[in-house]
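Work through the exercises below with the model open. Try each task before reading its solution.

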Amino acid sequence: MNSILAGKKAKSDGHKYEEICVDLLNERYGGDHQTDGRPQTKVDVYDNEGTNKYSVKNVSKNHTQVALLSSKKFIDHFDLRDSNCESFINMFFGYPNKELISIVESIHQNLSLSDAEIRQNRVYRDNISNDIIDSFLLFMNSYKLEIFDIIVRRGFNGDSVNRIVWRNKITNNVDIINVDSLVSLIENGSWKINNTTLEFRTSDNFKLFHLQMKGSGKKYNSGYHGMMFHMYWR
């Protein structure tokens, strides 16, 4: 319950900062900036007199959530049905079901699952075969720019952002990140896998993204088993 309340507060604080951000952007760059209240878009603020569209991140740490995707939508979007990649996603991000019970033991009776895996209704990397892992990592690194577009730039089919406002709530420091400037970091970096998460590291070993099963909220619905991406900034 505390995590739910904290999430609602963070969302409320974020919306309040978007209003403040409008004044900041008008002061810095001129124009006529407005908040964008539409759902299903990465755009939080846009310049009504220009072309800039901003995603606003109001953070208290060095990272924040940038996307929460259902595994089904991710599989369908990239046409991963009946592949090792689909097998990896189902195993690693778990098995949502209408009964809202852990079914991982019944699906993988041949695996020696830990109590944590059973409790989370999923399979950790160390219990997944190397060929399945290798196939998924090959996919992630072959489509890293397309994945970047979905989690940062535009979502599955929304308007594209070309700027990120990264405001640290503790220091009140504000960085304006040019989204195009991140492309070279993506091109020269790679996705790697740990036992319970994936992470994207740049060529100088900076962790730019991590990907995890959400693992909070109501068990075991699609949200609980969602693919949650976080972005880090220096």
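## Exercise 1: A serine in a loop

Ser129 sits in the loop between helix 5 (115–120) and helix 6. The model is a predicted one.

**Task.** Classify the accessibility of Ser129, then find its side-chain partner and its distance from Phe93.

**Solution.**
1. Take the relative accessibility of Ser129: 34%. Buried means under 20% and exposed means over 50%. Ser129 therefore counts as partly exposed.
2. Look for polar side-chain pairs. The side chains of Ser129 and Asp131 are joined by a polar contact of 2.5 Å.
3. Check the C-alpha atoms of Ser129 and Phe93. They are separated by 15 Å, with the two residues 36 apart along the chain.

## Exercise 2: The surroundings of helix 3

**Task.** Decide whether helix 3 (residues 84–93) is largely enclosed or largely open, and name what covers its buried residues.

**Solution.**
1. List the buried residues of helix 3: Cys85, Glu86, Phe88, Ile89, Met91, Phe92 and Phe93.
2. Set them against the length of the helix. Seven of the ten residues are buried, so helix 3 is largely enclosed by the rest of the structure.
3. Identify the cover. On the helical side, it includes helix 2 (71–77) and helix 6 (130–142). Among the strands, it includes strand 7 (190–193), strand 8 (197–201), strand 9 (207–213) and strand 10 (227–232).
4. Step past the end of the helix. Gly94 follows helix 3, and its phi is positive, near 95 degrees.

## Exercise 3: The antiparallel sheet

**Task.** Give the strand order of the open antiparallel sheet and trace the pairing from strand 7 to strand 9.

**Solution.**
1. Write down the order of the five strands: 4-10-9-8-7.
2. Find the edges. Strand 4 (63–69) and strand 7 each have a single partner strand, so one side of each is left without a neighbour in the sheet.
3. Note the twist. Neighbouring strands are turned by 25 degrees against each other on average, direction ignored.
4. Start at strand 7. A hairpin of three residues connects strand 7 to strand 8. These two strands pair in the antiparallel sense over four bridges. Within this pair, Ser190 stands opposite Arg201 in strand 8.
5. Move on to strand 9. Strand 8 and strand 9 pair in the antiparallel sense over five bridges. Here Arg201 stands opposite Lys207.
6. Separate the faces of strand 7. Trp191 and Ile193 form the covered face. Ser190 and Lys192 form the uncovered one.
7. Add the helices. Helix 6 lies across strand 7, strand 8 and strand 9, at about 155 degrees to strand 7. Helix 7 (residues 144–153) lies across strand 4, strand 7, strand 8, strand 9 and strand 10, running at about 100 degrees to strand 4.

## Exercise 4: A histidine in strand 10

**Task.** Is His230 buried or exposed, and which residues does His230 touch?

**Solution.**
1. Place the residue: His230 lies in strand 10.
2. Apply the cut-off. The relative accessible area of His230 is 12%, so His230 is buried.
3. Find the polar partner. The side chain of His230 makes a polar contact of 3.0 Å with the side chain of His63.
4. Collect the contacts, leaving out residues up to four places away in sequence. His230 touches His63, Thr64, Gln65, Val66, Leu208, Phe209 and His210.

## Exercise 5: The mixed sheet

**Task.** State the strand order of the mixed sheet, its edges and one residue pair within it.

**Solution.**
1. Read the order: five strands form this open sheet as 1-2-3-5-6, with mixed pairing.
2. Name the edge strands: strand 1 (33–35) and strand 6 (174–178), each pairing on one side only.
3. Take the twist: an average of 25 degrees from one strand to the next.
4. Choose a pair. Strand 5 (residues 163–168) and strand 6 pair in the antiparallel sense over five bridges. Ile164 stands opposite Ile177 in strand 6.

## Exercise 6: Backbone angles

**Task.** Where do Asp79, Asn172 and Tyr220 lie, and what are their backbone features?

**Solution.**
1. Asp79 is in the loop between helix 2 and helix 3. Its phi is positive, near 55 degrees. At 64% relative accessibility, Asp79 is exposed.
2. Asn172 is in the loop between strand 5 and strand 6. Its phi is positive too, near 65 degrees. With a relative accessible area of 49%, Asn172 is partly exposed.
3. Tyr220 is in the loop between strand 9 and strand 10. A cis peptide bond joins Lys219 and Tyr220, with omega about -10 degrees.

Methods
Residues are numbered from 1 along each chain as its sequence is written. This is a predicted model: local features need pLDDT of at least 70, side-chain atom pairs count only at pLDDT 80 or more; totals for chains, interfaces and linings use all residues. Side-chain values use heavy atoms; hydrogens and water are left out. Buried means under 20% relative accessible area, exposed over 50%, partly exposed in between (1.4 Å probe, protein chains only). Contact means heavy atoms within 4.5 Å. A polar contact is a pair of N or O atoms within 3.5 Å; within protein, one must be able to donate a hydrogen and the other to accept it, and residues adjacent in sequence count only if both atoms are side-chain atoms. Two strands pair if DSSP finds at least two bridges between them. Axes are lines fitted to C-alpha atoms, for helices over the stretch in contact, and angles run from 0 to 180 degrees between N-to-C directions.
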